[in-house]
Amino acid sequence: LQISAELIPLVEDLDAQKVLAVQVVEEAKHVTALQRYLELLGGEIPPVNFFCKQVLEGVRATKSPAVKLLGMQLLVENLAHHLFLEIRSHVEEPVLRDLLRYIDQDEAKHVGLARNYLPRILARAGKLETAKILGYSTFWGLCLLSAGYQLKEAAESLDIDVAKGFRRVTREHRKLVSNLGWFWRLCTKVTLSDPFIEWLADTLYTRRNEPIRESRAPATSAKGDRA
Ligand SMILES: [Fe+2]
């Protein structure tokens, strides 16, 4: 909410300013709706995950429109969009499902600003600015990976496969970045190559119970065969 508001005076394009102004209102609606939902259940919005906090505070602190837009619209909004989509597909409570559907529709729109406006901003970035963007996006990418790891247990309680979700977010991220020009396409090809992402998802997020179940199954049947 605050980051979207901060972005308005930083972008020159009037249409982008209008989209961001709408985004501020939408983010305020999301917070209010989730707050009210949790209040009615007797709960409250928990504190932000440590690694997500690093990203959000970093995005807030930068004065560069390119870095702020990339961090907020490309990384955070894309992640939020997939997160709400994934949670919605694993809950049955109708009010929460409706709420998540409305919120996710907005998040998908917010990613649209990165798709449509970020290429123009990045095309104007000088060498120093580009290096800064690369540094920040790598650091924030690592923070979000760690945040996913920290939330793995909570996700598994909803039967969410974090590894699968991570592959989906990365695939979408790669599509968005391929839109930004040859330099960013090349960077993404190197840092987010398929084999690397597969390895990372398997190493970090593969569900703890899966290998145990797989290794136990043949042992049980072997005992059964012998009996
Ligand atoms: Fe958003």
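**Confidence, iron site and a helix pair in the predicted model**

In this predicted model, confidence in the chain peaks in helix H2 (residues 14-40), with a mean pLDDT of 92, and is lowest in helix H11 (residues 209-226), where the mean is 42. Across the chain the average pLDDT is 82, and 91% of the residues score at least 70. Residues 212-227 stay under 50, and for this stretch the model has zero contacts beyond four places in sequence. Where pLDDT is low, the predicted coordinates should not be read in detail.

The iron ion offers a good place to look next. Its protein donors are OE atoms of Glu 27, Glu 77 (listed twice) and Glu 107, together with ND1 of His 110, at 2.0 to 2.6 Å from the ion. Along the chain, these donors follow the spacing E-x49-E-x29-E-x2-H. Glu 107 and His 110 both belong to helix H5 (residues 94-123), and because they are three residues apart there, about one helical turn separates them. Glu 107 counts as buried, at 3% relative accessibility, and His 110 is likewise buried, with a relative accessible area of 3%.

Further along the chain, helix H8 (residues 162-178) packs with helix H9 (residues 182-191) at an angle of about 155 degrees, their axes lying 8 Å apart. The angle is over 145 degrees, so H8 is roughly antiparallel to H9. On the H8 side, the contact is made by Arg 174, Val 177 and Ser 178, which meet Trp 184, Arg 185 and Thr 188 of H9. By residue character, this contact of H8 with H9 divides into two nonpolar, two polar and two charged residues.

Methods:
Residues numbered from 1 in each chain as written. Predicted model: local features only at pLDDT ≥ 70, side-chain atom pairs only at ≥ 80, totals over all residues. Heavy atoms only, no water. Axes fitted to C-alpha atoms, helices over the stretch in contact; angles between N-to-C directions. Helix = DSSP H or I, 4+ residues; strand = E, 2+ residues; numbered from the N terminus. Parallel < 35°, antiparallel > 145°, perpendicular 65-115°, else oblique. Contact = heavy atoms within 4.5 Å. Nonpolar A, V, L, I, M, F, W, Y, C, P; charged D, E, K, R; others polar. Donors = N, O, S within 2.8 Å, 3.2 Å for Na, K, Ca; no water. Buried < 20%, exposed > 50% of the residue type's maximum accessible area, 1.4 Å probe, protein only. pLDDT = per-residue confidence, 0-100.
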